[in-house]
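I sat down with this one to look up how the chain is put together. These are my notes, in the order I went.

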Amino acid sequence: MKKTFLVLMGALFLGSCETEINEVNSESSLEEAEAKYGYFEDNYFLVANRGSSTFTVFDAKTTDFVKEITLPDNAAQPTYLAHSKRNNSVYIGDFANQKVVYYDAETFELQGEIAIEEGAFHMWINERVNQLWINNIVSKSTSVIDLNSNTVIKNIGLPTAEIPELTENAVQHDVVISPSGFAAYVTVLDGPDTSYVVMYNTRTLEYIRHEVVGGDGHLLPVGPRLYVPAQNANNITVFSRFNLTKLDELPFNSAHGVTSSRRFVFTTGIADNKIGVIGRFSNRVISEIDTEFNTPHNLAVNRRGNILFLAHSGGSATKVVFYKVRRNGSLEKISDVDSGTNPFGVLSY
């Protein structure tokens, strides 16, 4: 009897999820879905301008400029950003000043700062476990921050005991947390050809397992999958995020930045000046487009999934570009804007 009840509940749950997906993806019910799921709320794109000590805010529904904010420290280098809905805060890593600064997510007024180790880089928030993970690539550590107190729980070093083949060149790079909050994943880059995807338990902060991919690996959890673009291997490896079992491998030259919407996964060909669009259900590249500017680096998609935001990085770069996302997965440029110098990490919320 208990087994029958669980099966029926599972079927109801899956049915409700399928209905929800169909509602959101149907153009005929778009306005109703927006009202139901909150898409009429404010939605922003943010970009960290690493060379200008600023971050810029754009309206993610209209692409209009909202404001530009200067970080509090001289010679600050904002690199990556993350959003906490519960805290109503935006967190920004300052590479040069060994800290994370955080701002009100609506007014963009400075709220505080958190001391970390040196070289703040990729970061990820998960509010199921109330944690922010951020890699410090100069100190070669990962800071785990408690979002309840905005304090560091632990700085995790390189997993040299678990991966004895790591060399002196090894360094933590990208980091994400699973949607459930159970696991965090860190890429450890070790030379031009090798990256390790390392899985940690977010409760104990202990190593679970790892897998090897090509050089300059990045990360994105999408449902039950973990997408790992490896720029120097010209591919994207798809793992099960539950146990790092390899599920698929997609060729894409110089695959680097990665983000997703309800229907698509987007990646940049950073050295080839490309953007690729992958169908989430087919798990194949369904379209690609050449970029007008060099070094397409990081990208984000708005809440509705119809606008893609791209930062072009580099020492003298200034451009960010907006694209219309068509229902068939094709991209059409809307506009380009001069942001600050060296637009780097991006964020949508």
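My entries start with the ground rules, then go from the whole chain to a few strands.

**Ground rules.** I am working from a predicted model, where local features need pLDDT of at least 70, side-chain atom pairs count only at pLDDT 80 or more, and totals for chains, interfaces and linings use all residues. I number residues from 1 along each chain as its sequence is written, and side-chain values use heavy atoms, with hydrogens and water left out.

**Whole chain.** I counted helices and strands and got two helices and 28 strands. These are DSSP runs numbered from the N terminus: helices are H or I with at least four residues, strands are E with at least two. Next I checked burial: 54% of the 349 residues are buried (under 20% relative accessible area with a 1.4 Å probe, protein chains only; exposed is over 50%, partly exposed in between). I also looked up the exposed surface, which is about 15,200 Å², with carbon and sulfur atoms supplying 49% of it (Shrake-Rupley method, 1.4 Å probe). For contacts (heavy atoms within 4.5 Å), I took those between residues at least 6 apart in sequence, and 43% of them join residues at least 24 apart.

**Open sheet.** I followed one open sheet of four strands, in the order 8-9-10-11, with antiparallel pairing. Two strands pair if DSSP finds at least two bridges between them. Its edges are strand 8 (120–126) and strand 11 (151–157), each pairing on one side only. The twist averages 20° from one strand to the next, using axes that are lines fitted to C-alpha atoms and angles from 0 to 180 degrees between N-to-C directions. Strand 8 is joined to strand 9 (residues 131–136) by five bridges, and I found Asn126 opposite Gln131 in strand 9.

**Strand 26.** Is strand 26 enclosed or open to the outside? Six of the seven residues of strand 26 (residues 319–325) are buried, so this strand is largely enclosed by the rest of the structure.

I then checked its partners. Strand 25 (residues 307–312) runs antiparallel to strand 26, joined by five bridges, with Ile307 opposite Lys324. That hairpin has six residues between the strands, and Gly314 takes a positive phi near 145°.

Strand 27 (residues 331–338) also pairs with strand 26 in the antiparallel sense, over seven bridges. Here I noted Val325 opposite Leu331. This hairpin has five residues between its strands, and Gly329 in the turn has a positive phi of about 95°.
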